[in-house]
Amino acid sequence: MYDGGFEVFGLLLIVLAAAVLWSTVKVVPQGFNYTVENFGRFTRTLTPGLHFLVPIIERVGHHVNVKEQVIDIPSQDVITRDNAMVRVDGVAFFQVLNAAKSAYEVDNLEHAIVNLTMTNIRTVMGSMDLDELLSNRDKINAQLLHVVDAATEAWGVKVTRIEIKDIAPPRDLIDSMARQMKAEREKRAQILESEGLRQAAILKAEGEKQAVVLEAEGRREAAFKDAEARERAAEAEAKATQLVSDAISAGNVQAINYFVANNYVKALESLAKAPNQKVIMMPLEASSVIGSIAGLAQITGEAFGPKSGPQAPAAPSGRGTSVPASRS
């Protein structure tokens with residue numbers, strides 16, 4: 001009987017010794033660090049791999065995940081600087097760099113990071129206006145990351161990113177923003193339309209101005225041409241008058257008769273071209289006209305042949321003659 005009891009006791013001792021030896025062998029998986037405590041006091045950190053502990057004296061205190069982790073930041077109401085209330089949530093990414101600090105410097109690390117982030121969200125976003133809040137999300141993320149990372153450094157934690165997921169203003173505020181955006185777009189459309197009309201008016205005025213300038217230049221050029229033509233005609237008239245005057249000075253009486261008859265015929269021609277006349281009654285001094293024609297013949301003869309020539313018979317003077325006028 002005693003022999004059977006000793007065998008059972010020996011077997012129990014062997015099992016206990018095996019259990020104690022097995023508890024001293026620790027295999028740390030990749031991505032984790034274990035803290036080792038000696039009678040409750042931290043002594044060292046076990047990195048991934050196989051490790052042996054001193055039986056009874058040493059034990060594993062905490063299993064610390066050193067991989068990068070993500071935690072959700074619960075939604076909360078935030079009052080902006082211009083007294084607008086918005087609902088905000090986000091996410092935070094962090095990684096444990098010092099397993100001992102994360103295990104012994106703070107209690108419940110994830111809960112501490114969540115509350116720290118929520119507090120700083122209210123601080124950072126409460127210092128901004130609503131418009132700045134909605135348009136500067138990257139700025140908010142950068143400020144939050146700087147503040148939270150500095151606060152968690154004492155815990156052996158590196159906060160890598162903080163992202164604001166959603167910013168939700170109240171419904172009435174969203175409707176007001178929609179009306180404001182619509183009014184702003186209508187304003188810009190009216191401004192663009194006014195600018196287009198203004199540009200069109202400017203271009204039209206520039207075109208009219210250019211047309212007036214070109215027309216004025218054309219009239220000026222035409223006036224120059226007319227003046228030049230009148231100057232040429234005046235020079236020709238003056239030259240003809242000078243020739244007649246020279247002929248008169250030389251004693252040729254027929255020259256002045258030619259001059260008077262020429263002007264007389266021109267006046268008759270203008271009168272005959274009048275559209276409101278069909279028959280013209282005019283007095284005609286036949287002898288004067290014949291004399292003028294004879295003078296013309298004499299002048300022509302002086303220029304191209306002998307001076308003497310047959311004279312036309314004299315016509316009776318002081319009679320009126322009817323000359324039919326051309327029809328208009």
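**Group meeting: strands, cores and loops in a predicted model**

In strand β5, the residue that bridges to valine 36 is valine 60. I begin with this pair, and I should say at once that the model under discussion is a predicted one.

Let me stay with valine 60 for a moment. Valine 60 belongs to β5, which covers residues 58–65. Is valine 60 buried or exposed? Its relative accessibility is 17%, and valine 60 therefore counts as buried, the cut-off being under 20%. Leaving out residues up to four places away in sequence, valine 60 touches Lys26, Tyr34, Thr35 and Leu53. For one of these, lysine 26, I can add a distance: the C-alpha atoms of valine 60 and lysine 26 are 8.7 Å apart, with their positions 34 residues apart along the chain.

The bridge between the two valines is part of a longer pairing. Strands β2 and β5 run antiparallel to each other and share 6 bridges. Strand β2, residues 32–38, also pairs with β3, residues 41–46, in the antiparallel sense, here over 5 bridges. Within that second pairing, threonine 35 faces threonine 45 of β3. The hairpin formed by β2 and β3 has 2 residues between its strands, and phenylalanine 39 adopts a positive phi near 55° there. How many of the residues of β2 are buried? The count is 5 of the 7, so the strand is largely enclosed by the rest of the structure.

I turn now to a second sheet. This one is open, has 3 strands in the order β6-β7-β8, and pairs them antiparallel. Which strands stand at the edges? They are β6 (69–79) and β8 (157–168); each has a single partner strand, so one side of each has no neighbour in the sheet. On average, neighbouring strands of this sheet are turned by 20° against each other, with direction ignored. Strand β7, residues 85–96, pairs with β8 in the antiparallel sense through 10 bridges. Phenylalanine 94, for instance, is placed opposite valine 159 of β8.

A helix accompanies this sheet. Helix α3, residues 109–126, lies across β6, β7 and β8, and its direction makes an angle of about 35° with β6.

That brings me to the nonpolar cores. The largest has 34 residues, and those touching the most other members are Val88, Phe94, Leu109, Ile121, Met125 and Ile140. Two or more residues of this core are supplied by each of β6, β7, α2 (99–104), α3, α4 (130–135), α5 (137–152) and β8. Which element gives the largest share of this core? It is α3, with 8 residues. Methionine 125 illustrates the packing: beyond its neighbours within four places in sequence, methionine 125 contacts Val78, Thr80, Val88, Leu133, Ile140 and Ile167. Another core, of 6 residues, lies apart from the largest one, and among its members are Val36, Leu46, Leu53 and Val60. The bridge pair with which I opened, valine 36 and valine 60, is thus included in this second core.

Two loop residues deserve a remark on backbone geometry. In general, most residues other than glycine have a negative phi. Isoleucine 56, although not a glycine, has a positive phi of about 70°. Isoleucine 56 sits in the loop between β4 (49–52) and β5. With a relative accessible area of 77%, isoleucine 56 is exposed, since the threshold for that class is over 50%. Asparagine 108 is likewise not a glycine and has a positive phi, of about 60°. Asparagine 108 is located in the loop between α2 and α3. Its relative accessibility is 47%, and asparagine 108 counts as partly exposed.

Finally, the model as a whole. The protein has 8 helices and 10 strands. Of its 328 residues, 23% count as buried. Among contacts with a separation of 6 or more, 64% join residues 24 or more positions apart. The accessible surface amounts to about 22900 Å², and carbon and sulfur atoms account for 59% of that area.

As to confidence, the mean pLDDT is 79, and 74% of the residues reach 70 or more. Where is the pLDDT below 50? It is so over residues 303–328, a stretch with 36 contacts in the model beyond near neighbours in sequence.

Definitions and conventions:
Residues numbered from 1 in each chain as written. Predicted model: local features only at pLDDT ≥ 70, side-chain atom pairs only at ≥ 80, totals over all residues. Heavy atoms only, no water. Helix = DSSP H or I, 4+ residues; strand = E, 2+ residues; numbered from the N terminus. Buried < 20%, exposed > 50% of the residue type's maximum accessible area, 1.4 Å probe, protein only. Contact = heavy atoms within 4.5 Å. Areas by Shrake-Rupley, 256 points an atom, 1.4 Å probe, with all protein chains shown as cover. Pairing = 2+ DSSP bridges. Axes fitted to C-alpha atoms, helices over the stretch in contact; angles between N-to-C directions. Core = buried A, V, L, I, M, F, W, Y, C linked by side-chain atoms within 4.5 Å. pLDDT = per-residue confidence, 0-100.
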